[in-house]
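The following exercises concern helix geometry and sheet topology. Please work each one against the coordinates before reading its solution.

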Amino acid sequence: MSAPNASGWKPGIPTAGDTPAGPATATGNRALMLEEPLIFELAGNDTTGVDMPEPDNAAPNRLGGRERSAPIGLPGLSEPETVRHYTRLSRQNYAIDLGLFPLGSCTMKHNPRLNEKVARMPGFLDCHPLTPTQSAQGALEVIHQLGEWLKTLTGMPAVAMSPKAGAHGELCGILAIRAALEARGDARKVILCPESAHGTNPATAAFAGYEVEDIPANANGRVDLAALEARLGPDVAGVMITNPNTCGLFEPDFRKIADAVHAAGGFVYCDGANFNAIVGRVRPGDLGVDAMHINLHKTFSTPHGGGGPGSGPVVFSEALAPYAPLPFVEQLGDGSFHLVEEETAGEHHAKSFGRMTAFNGQMGMFTRALTYILSHGADGLRQVAEDAVLNANYVLRSLEDVLHAPFAHSGPCMHEALFGDKNFTGGLSTLDLAKGLIDEGYHPMTMYFPLVVHGAMLVEPTETESKAALDQFIMALRSVAERANAGDPTLKTAPHFAPRRRLDETQAARKPLLAWSDPALV
Ligand SMILES: *Cc1c(COP(=O)(O)O)cnc(C)c1O
């Protein structure tokens, strides 16, 4: 096999060899990219990082005869071996601090170091959730002030800070809707979700006990308003709509949708995970939203990935505010901050549906998000949205001649550019293109989502990428797309230069091997 395309090399990125097969090396290492076995395969279990002699004449232990009778197979490594093992593995990872991370809907943007500095201030970092409120005034003020910003930015009167991720925020919003319906003795059973909904939306509704029904998208990738209106009725508890939606498009009929849902007695949940596209430009409260979660870990830059950490505060309309969960922070007349922990029948927050978490939420995310907000200011946040949208449109218009762009005809996109695999030949798929992109030094974009586009590729560059970085990414993606359009068979076996080649992802997902077993013991 020959090199598929040698033009994509970038200086500074470790590469694996000069041909796909590569010259074999005696060590398995490829230049400074080091091959690394599993920690269990690295060493026996006879080494420890501690240098202490076996005690003489040890007093009889107090295990009551339950001593270990056989080795338990823990890896034995010295400290430097352990450090090297994990450092080598970390070099095989990809991170936003290494390069552009184009995962659509995930908003992988640069996290300013200032955020980290503030989050690590001992007063915040070491504050225990059970610290008496008199000693935690600063932390409570951060939570309160961030909540005030979120209410102002969204134009909504109430906020719950405790949900710990986007999906958790969705559950919080749906539980508030359910509590409001139950309070009026209304047993509505159905939540409507557009076809382009983020997967968490129908999952949340089903988890909360609702039946989920699809609403089709129209040819422009938006909710089909007529179909939605036709389905509304006394059994519909509400709708869950992502705006901007998962095709990266703004829903221009949102106000009409909200009015129709309200007229039919339902509630409007807006998935605001991608608020970064409209922050400072659009206030969801003006669009008739009743509840919306905001992913602090997307819009407000805090680092995330691999399942955490996240934070998904939920803003509420007047109608749902009484049902919001506890605890929440309240500012008293003397300026101090108070934690409302319990509902008091007949007076304070008596209708709250309960708690989402044991404590207040993700403090580290709150300090990072508030730092980001304060360092940008209101005008800076507006520019965040404008630049995120500008960058996505730059990607869309730079590639629409080589990649099928299903909704490019309907105008600009929002924060992400959506492509499909229609132009590929030779049996090549979106997966093959993504693997080729790994060889070019990029983490692939979000794939096969949204479901409404065949072989979807969702690219979200975010506002933190420079034009030079975007141009280099576009060059790389264009080159792989051209190969996919030409049916280049070497893409089928990409990646050629990664530490691991093409894996059987279906097997890996269906039958994951999560534990190592010692061949000597099997
Ligand atoms: C990221 C995202 C979610 C889920 O957020 P998590 O924090 O991962 O739970 C929900 N909806 C949309 C549109 C998203 O982009």
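**Exercise 1.** Which helix lies across β10 and β12, and at about what angle does the helix run to β10?

*Solution.* The model is a predicted one. The helix lying across the two strands β10 and β12 is α11, residues 363–399. Relative to β10, α11 runs at about 30 degrees.

**Exercise 2.** Determine the strand order of the open sheet that contains β10, and identify its edges.

*Solution.* Step 1: the sheet has 3 strands, and their order is β10-β12-β11. Step 2: the pairing is antiparallel. Step 3: β10 (417–419) and β11 (446–447) each have a single partner strand, so both stand at the edges, with one side lacking a neighbour in the sheet. Step 4: β10 and β12 (residues 457–459) are joined by 3 bridges; Ala 417 has Val 459 of β12 as its bridge partner.

**Exercise 3.** Check the length of helix α5 against the expected rise, then list its buried residues.

*Solution.* Step 1: α5 comprises 18 residues, 137–154. Step 2: because the rise is 1.5 Å a residue, the expected span is 26 Å. Step 3: the end C-alpha atoms of α5 are 26 Å apart, in agreement with that value. Step 4: the buried residues of α5 are Ala 139, Leu 140, Val 142, Ile 143, His 144, Leu 146, Gly 147, Leu 150, Leu 153 and Thr 154. Step 5: an α-helix has 3.6 residues a turn, so residues three or four places apart point the same way. Step 6: after α5 comes Gly 155, with a positive phi near 70 degrees.

Methods:
Residues numbered from 1 in each chain as written. Predicted model: local features only at pLDDT ≥ 70, side-chain atom pairs only at ≥ 80, totals over all residues. Heavy atoms only, no water. Helix = DSSP H or I, 4+ residues; strand = E, 2+ residues; numbered from the N terminus. Expected span 1.5 Å × (residues − 1). Buried < 20%, exposed > 50% of the residue type's maximum accessible area, 1.4 Å probe, protein only. Pairing = 2+ DSSP bridges. Contact = heavy atoms within 4.5 Å. Axes fitted to C-alpha atoms, helices over the stretch in contact; angles between N-to-C directions.
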